[in-house]
Amino acid sequence: MICYALLIIIQLYSYVVLCRRKLVQGSNFMRLKQVILVCSIVGLVGCGSILGPQKKRGSQLYQIVDNNADSLQLGKCANVNTGKSIYVSTPDIAAPYGDYKMYYMTESYVVSSYAYSQWATPVIDMIKQAELQSVVGSCLFKSVSGGNTVVSVDYRLITSIRMVRHEMIGGSTNYKAHIIIFNELVDVKKADIVNSFIFDETKSTDGTPLGFVKSSSELTSDYDAVLVKWLDQHIKSSKV
């Protein structure tokens, strides 16, 4: 719009000059018309480069991982601690954290999302994958299921993700990743809730999306470790 406004001004100026052409005679008048024509062409080219197609900045994709996943005994359990089975349900998640956006806070009660950084997959998928790996690798159960097919099992793990957020309120020393996850262990045969717990932890980080992802991955590792210990405690104490 600014470019075209300048062109209009140039054309109006040209009109005024041409209307007063008697004040400019011969070669001087022709030179003036050439200058006006060149300015108009240059202006059009400039506007075309500014208003034409622009290269769109791509989004950076990030993933939360359990940093302890490589040490798990996936498929290598020599002895299973119990003869029980468990179904790991797909978590539900509180709004607005269920999409691909990465959310942060720089002031109380105001939640924003990064413009050029987002999750590679929704948080639900990343947390469930970490849970499944940890439960399978714990060797607590003879079988672990996490698919869409409902199967007959002894226990059901229910997960609700309440928050995965980058909090940058106050000075940089207060920047942190914050994760809240609620769990219930259900005895399927008794149709009874064995126990429940809330993982509500923070970890210091910097003010960048990458720093947030690294701290969130560390929190996820901590969560998975606590989850396994909690399952071990209540599976052993439960009389099935």
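These are my notebook entries on a predicted model, taken one topic at a time.

**Entry 1: strands around β5**

I began with strand β5, which covers residues 110–119, and looked up which strands pair with it. Strand β1, residues 60–62, pairs with β5 in the parallel sense over three bridges, and within this pairing I noted that Leu61 has Gln118 of β5 as its bridge partner. Strand β4 pairs with β5 in the antiparallel sense, over four bridges, and here I found Tyr104 standing opposite Ser112 in β5. I then looked at the hairpin that β4 and β5 make, where two residues lie between the strands and Tyr109 takes a positive phi near 75 degrees.

As a general reminder to myself, side chains in a regular strand alternate between the two faces of the sheet.

**Entry 2: Ser117**

I next picked one residue of β5, namely Ser117, and asked whether Ser117 is buried or exposed. Its relative accessibility is 9%, and because buried means under 20%, I wrote down Ser117 as buried. Which residues is Ser117 in contact with, once its neighbours within four places in sequence are left aside? I listed Gln60, Tyr62, Met102 and Pro209 as the contacts of Ser117.

**Entry 3: aromatic pairs**

I wanted to know how many aromatic pairs the model has, and the count comes to five. One of them is formed by Tyr104 and Tyr114, which I recorded as tilted, with 4.6 Å from centre to centre and 40 degrees between the planes. Tyr104 lies in strand β4, residues 101–107, while Tyr114 lies in strand β5, so this pair ties together parts that are 10 residues apart in sequence. I also checked their surroundings, and both Tyr104 and Tyr114 are buried.

The rings of Phe199 and Tyr223 gave me another pair, with the centres 5.5 Å apart and the planes at 65 degrees. Why do I call the pair of Phe199 and Tyr223 edge-to-face? The reason is the angle, because planes over 60 degrees apart count as edge-to-face, and the planes of Phe199 and Tyr223 stand at 65 degrees. Phe199 belongs to strand β9, residues 192–204, and Tyr223 to helix α4, residues 209–237, so the pair ties together a strand and a helix at positions 24 residues apart in sequence. Phe199 is buried, and I noted Tyr223 as buried too.

**Entry 4: helix α3**

I turned to helix α3, residues 123–137, and compared its expected span with the model. At 1.5 Å a residue, its 15 residues should span 21 Å, and since the C-alpha atoms at its ends are 21 Å apart, I wrote that the two values agree. I then looked up buried residues in α3 and found several, including Val123, Ile124, Met126, Ile127 and Lys128; Ala130, Glu131, Ser134, Val135 and Gly137 are also among the buried ones.

A general point helps me read such a list: an α-helix has 3.6 residues a turn, so residues three or four places apart point the same way.

Just after α3, I came upon Cys139, which takes a positive phi of about 60 degrees.

**Entry 5: salt bridges**

How many salt bridges does the structure hold? I found four. Glu167 forms one of them with Arg165, with 2.8 Å between the closest N and O atoms, and Glu167 also meets Lys176 in a salt bridge at 3.9 Å, N to O. Arg165, Glu167 and Lys176 are thus recorded as linked in a network of salt bridges. I looked up the accessibility of each member: Glu167 is buried with a relative accessible area of 9%, Arg165 counts as buried at 12%, and Lys176 is partly exposed at 29%.

Another salt bridge joins the side chains of Asp222 and Lys203 at 3.6 Å, N to O. Asp222 lies in helix α4 and Lys203 in strand β9, 19 residues apart, and the pair links distant parts of the chain. I noted Asp222 as partly exposed at 35% relative accessibility, and Lys203 as partly exposed at 24%.

**Entry 6: Ala191**

My last lookup was Ala191, which lies in the loop between β8 (176–187) and β9. Ala191 is exposed, with a relative accessible area of 68%. I also compared its position with that of Tyr155: Ala191 and Tyr155 are 36 residues apart in sequence, and their C-alpha atoms are 9.5 Å apart in space.

Notes: Residues are numbered from 1 along each chain as its sequence is written. This is a predicted model: local features need pLDDT of at least 70, side-chain atom pairs count only at pLDDT 80 or more; totals for chains, interfaces and linings use all residues. Side-chain values use heavy atoms; hydrogens and water are left out. Rings of Phe, Tyr and Trp (its six-membered ring) pair if their centres lie within 6.5 Å; planes under 30 degrees apart count as stacked, over 60 as edge-to-face and the rest as tilted. Buried means under 20% relative accessible area, exposed over 50%, partly exposed in between (1.4 Å probe, protein chains only). Contact means heavy atoms within 4.5 Å. The expected span of a helix is 1.5 Å times one less than its number of residues. Two strands pair if DSSP finds at least two bridges between them.
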